[in-house]
Each structure stands twice: as C-alpha cells, then as structure tokens.
Amino acid sequence: MNDMSRTAVDALWWQRGVIYQIYPRSFQDSNGDGIGDLAGIIQRLDYLRWLGVDAIWLSPINPSPMADFGYDVSDYTDVDPIFGSLADFDHLLTETHRRDMKLIMDFVPNHTSEQHPWFHESRASRTNPKRDWFIWRDPASDGGPPNNWLSEFGGPAWTKDEATSQYYYHAYLPQQPDLNWRHPDVRAAMYEALHFWLKRGVDGFRLDTIQHLIEDESFTDNPPNPDFRSGMPPTLTFARTRQMDRPEVHDVIAGFRRITDSYDDRVLIGEVYLPLERVVTYYGTPGRPGSHLPFNFHLIGAAWKASFLADLIAQYEGLLQPGNWPNWVLGNHDRSRVASRVGRESAALATLFLLTLRGTPTLYYGDELGLEDVPIPPELVQDPWERRVPGFGFGRDPVRTPMPWDSTERAGFTSGASWLPLNVDRDEKNVETQRAMATSQLRFTRDLIALRRRCPALSLGDYGAVESRGDILVYERLYGGTRLTVALNFSATTVYTPLPTGNVLLSSTGGRSSEIVTKLLCLRPFEGVVVDTSLTSEEQD
Ligand code: GLC
Ligand code: CA
C-alpha cells in the first residue's frame, strides 16, 4: 500500500485536480490588438468550467519588454498593460474562484529583464549597491567571456557591458540577466514579490527554470558534453554541469516553499528539465522541502511505444520517495504539440494516457482540440530562440498560436490582426464546432475529465499491475474496492488482450461505454479504454 493513498476527502486540490495551462497572449483578445489579455480570459472562464478543469496556470503576465514574451520581467508586482491591470487581475481571480477553480501564476526567479530597475542600477557602476544583485565577472585574459558557459538560447552566456568593462551572466537571452541568488537582499526582494501575490489570493506558482537559480561559485569551465555529435546545436557543445542543478539551489527553493506554506492550501510547481533521477530531488527532503510538483516532462520526449512507456512509469514510480506526489505533462509553450508528436490519430489516446496515470496532469490549452503545430513562415517568426539558433526546430511559435474558438475568419480570438497566425484547420479544430459534435477530441477530453472526477481510482488510486504486452500498455488503478483497468493500443492494427470481466467506461475512439468485456478485450487501432474490472477483483486475485 502506498503511503500517499488518500481518501477523496483529505486529498489536496492539486493532487486530485487537473491543471490547464493558458498562454495569455494567445487565449482570448478582448480589445482588438491581436494579443490575448486578462479580460479575454475572464470571458472564457465558463468554457474552462464546462471543460471541467480544476486550476488554470497563466504563463507570465508581469510587465515585460517581451524579449522572451513575458519570461523577461521588469516588475514582479504588476501586470503588463498588454494584458490589463492589477484590477483586471483581481477580477480574474475572483471570477475564477467563483467558479470553483484555482489560479496559478508563473513566477520567473532566475532572471529579470535587462529593463528591470534593479538591473539598471546594477549596471550603472561597479560600486552601485545593487551591483552584486546580478552576476558580474572580469573578462578572461584575452578580453573574452570569463569562461565557456553557453546560453540556452545560443551564443555565450556572458555579455560585456562596455560602461564598466565587465561581463554579466545570462542563462538565456542577453536581455535576461541572471539574478544572484547567493545575495540575501535578492532573496528578500524576490520572496517579498511572492507574498504580494499570495496576499492577493493566488493559489500557487509555477516557478520558471529552477535548476538554473544557482551557478558554481568557482566559475570554472564546463566539461565537454560527452554526447555531443556534429550536426547538433552548438549550444550543446558543453555539459552544463557548472551552470545548473547545483546543490545550493535547494535552499533557495525551500525558501519559496516556506512562504507558500505560510498560506493555506497553495501549491508550488517547479519547471525542471533534467533526467528523472535529478527531477525527483526537486521535491526536496523532509527537513528541506522543495516544490510540491517538480514538473515531469519525460512523456514529451518519450518513444511512443508500450514497452518504453511501461519502463518510464516504473522508473518514475521507483524514484519517488514517501510523500512525493507524481505529475505528468504532455505539452507546453516550449515543446512541439502532442498531436504533432504522436500523430493526430493518437491525440485522444495520449489524452487518455495523461489523465489516467497516477499523478497530477497538466493540459496545455488547445490540446483538448487536438491542435497541431502551426507552421510559421520565416518572416512571421517571433520566438527569439528560433531567431538566434535557426534551423534546429527550436522555434516555439508553432505551439503558441491563438486558441480557435469558432469558425469565423479570426476564429473568435480577436477582432484585429492576431500576433501569430491561426491554425489553417480551424474549420474543424475550434471550440464551437467540436462542442456541437457528438464525438470530438473536445467532447472526449471533457468526458474523460468528468470520469476522472467521478472515479477517485483515477485521480488518487495506487497502481496495480503495469505492463506492456506487445503494442499494448495495460495498467490498473486501485482505490478502496474499485479496480479500473486502462488498456492502450499504440499500434495501427486491431489487437486483442486478455482482461478480467468488466464494463467499458470510456473509449478514446468513441462508443463502447457500457459494453461488457469478458476475458478478451478488443482494441481498435490507437484506441485506449478504461474498464471497470472491480467486480471480478476477488475471483481474479
Ligand atoms: C522556461 C520557460 C521558457 C522561457 C525560459 C526562460 O523554460 O518555459 O518559455 O523561455 O524559461 O525564462
Ligand atoms: Ca488584447
């Protein structure tokens, strides 16, 4: 028996619930400037309530010069006028809560914008009191960057500031100088910003790129990346061992957690792109807790094969310590959309998988319609990563296109010119059309969320057997006397597998509900089903 088993009553909302990520620029525009905003999100809250999600997470809405579309913050305690005002934010929060949903904000602690007043001060002179709020180093003996560290977004991670003849460090764009988290005043100022939003009533944070918060104090070179091959992006030439995932980072996160825990019922999510055995360290330890949910992105790069996925589940479960609550993610604003990765015929199967795994699922806006990556012609590219390192498929614009609400010309997203093009298949892939259909990806996603809510076995249950049988992945979820069996067919052919007698509750390809399975389950190509096999539990065991 897993000691995190909870009853439906005492489980926390972020353990039971489904999180929905909104990219605010692209959800709903309310004022015709072609960019989504908070008033637009408010207009769509009833939709989210209808869909059945429990919490929404907003990518950053703080004032920003938008060099990295909001991940370059110039004021941590305000709202960018593109998105609205603090009053709009308070209104959004009230309206979200009124519909029994939670609101999670993005918080970007690793770096500010170069336009943040703190950085203006810091770069003003070597003796400015805020000089050490950022990371400044002398040039190397040849006048070049202090070491070989590279930016995630291409080029050196150091930019020389001519005024004071020193380099400042930036894990991402030169417009995103890294804060020096070893400085107590930086910690105090950033923790204060967290209180600002918690007092307003936000239900939690998704902390951006937490593995980058602290760098190796010795500033020695990174070793070569042993996996580097020619043809790979030059940003991967070195292993980033000195730049990220340093032991001291866990103290900083514990500080975030102490603050979050001093308010009722809030959640701390951490963005960590690391191997699973490193991801789980971001749960922290009992004496030094970390984030409640360090994002597990490992489905995003996973081979779409039953045996691989069974191993992935086993590996992750094996790494979790008592008290660690699992979570899974299929897509976000940085990675190719799931329907493009796995194929549109598998989009529903993928959603069924995400929502029946043990742990909190995070859905990315538009995935409930089966949206695919939208090709962006070169002249319309917005993403700085694509502009700096073109040709490797890093561009994130294709997954950030406007939400298609209906089949009108601008898809109900805006009355103006949208900041990124819409999906060309929006006649079929839009909310209004799919909502009106008897079966659609949207209808299916909604049914699945409802089933998950109805069956605590899906949200809170332990795993029974988890196994791959050729192209089929089968796992059981157990809760009280309930046993649900999930079977997923990853192949393009019809397959059969033995199954205890049970009732089909839901199929990703439609129909079948209330069908009784006896002994042998037939799965259509790319079909996933949830079967209630509780009745036969005893005779099978
Ligand atoms: C995270 C965000 C990404 C952003 C980067 C720098 O990875 O998800 O969108 O560009 O951090 O802030
Ligand atoms: Ca707008």
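1. Start with Asp33. This residue is partly exposed, at 35% relative accessible area. The model is predicted.

2. Asp29 is another matter. Its relative accessibility is 5%. The cut-off for buried is under 20%, so Asp29 counts as buried.

3. Both residues serve the calcium ion, ligand 2. Which residues coordinate this ion? The donors are Asp29 (OD), Asn31 (OD1), Asp33 (OD), Ile35 (O) and Asp37 (OD), at 2.3 Å. Note that Ile35 gives its O atom, while Asn31 gives OD1.

4. The spacing of these donors along the sequence is worth a look. For the calcium ion (ligand 2), the pattern reads D-x1-N-x1-D-x1-I-x1-D.

5. Now ligand 1. Where does this ligand sit? It occupies the largest pocket. There are 13 residues around ligand 1. Asp68, Asp208, Glu271, His333 and Asp334 come nearest.

6. What is the make-up of the shell around ligand 1? Seven of its residues are charged, three are polar and three are nonpolar.

7. Check the polar contacts next. In the side chain of Asp68, an N or O atom is 2.5 Å from an oxygen atom of ligand 1. For His333, a polar side-chain atom lies 2.8 Å from an oxygen atom of the ligand. His111 also takes part: a side-chain N or O atom is 2.9 Å from an oxygen atom of ligand 1.

8. How much of ligand 1 does the protein bury? Taken alone, the ligand exposes 310 Å², and the protein buries 96% of that.

Terms used:
Residues numbered from 1 in each chain as written. Chains lettered and ligands numbered in written order. Predicted model: local features only at pLDDT ≥ 70, side-chain atom pairs only at ≥ 80, totals over all residues. Heavy atoms only, no water. Near = heavy atom within 4 Å. Polar contact = N/O pair within 3.5 Å; in protein donor to acceptor, adjacent residues only side chain to side chain. Areas by Shrake-Rupley, 256 points an atom, 1.4 Å probe, with all protein chains shown as cover. 1 Å grid on protein atoms, 1.4 Å probe; cavity = no way out; pocket = protein on both sides within 12 Å on 5 of 7 lines; lining within 4 Å. Sits in = over half its atoms within 2 Å of the grid points. Nonpolar A, V, L, I, M, F, W, Y, C, P; charged D, E, K, R; others polar. Donors = N, O, S within 2.8 Å, 3.2 Å for Na, K, Ca; no water. Buried < 20%, exposed > 50% of the residue type's maximum accessible area, 1.4 Å probe, protein only.
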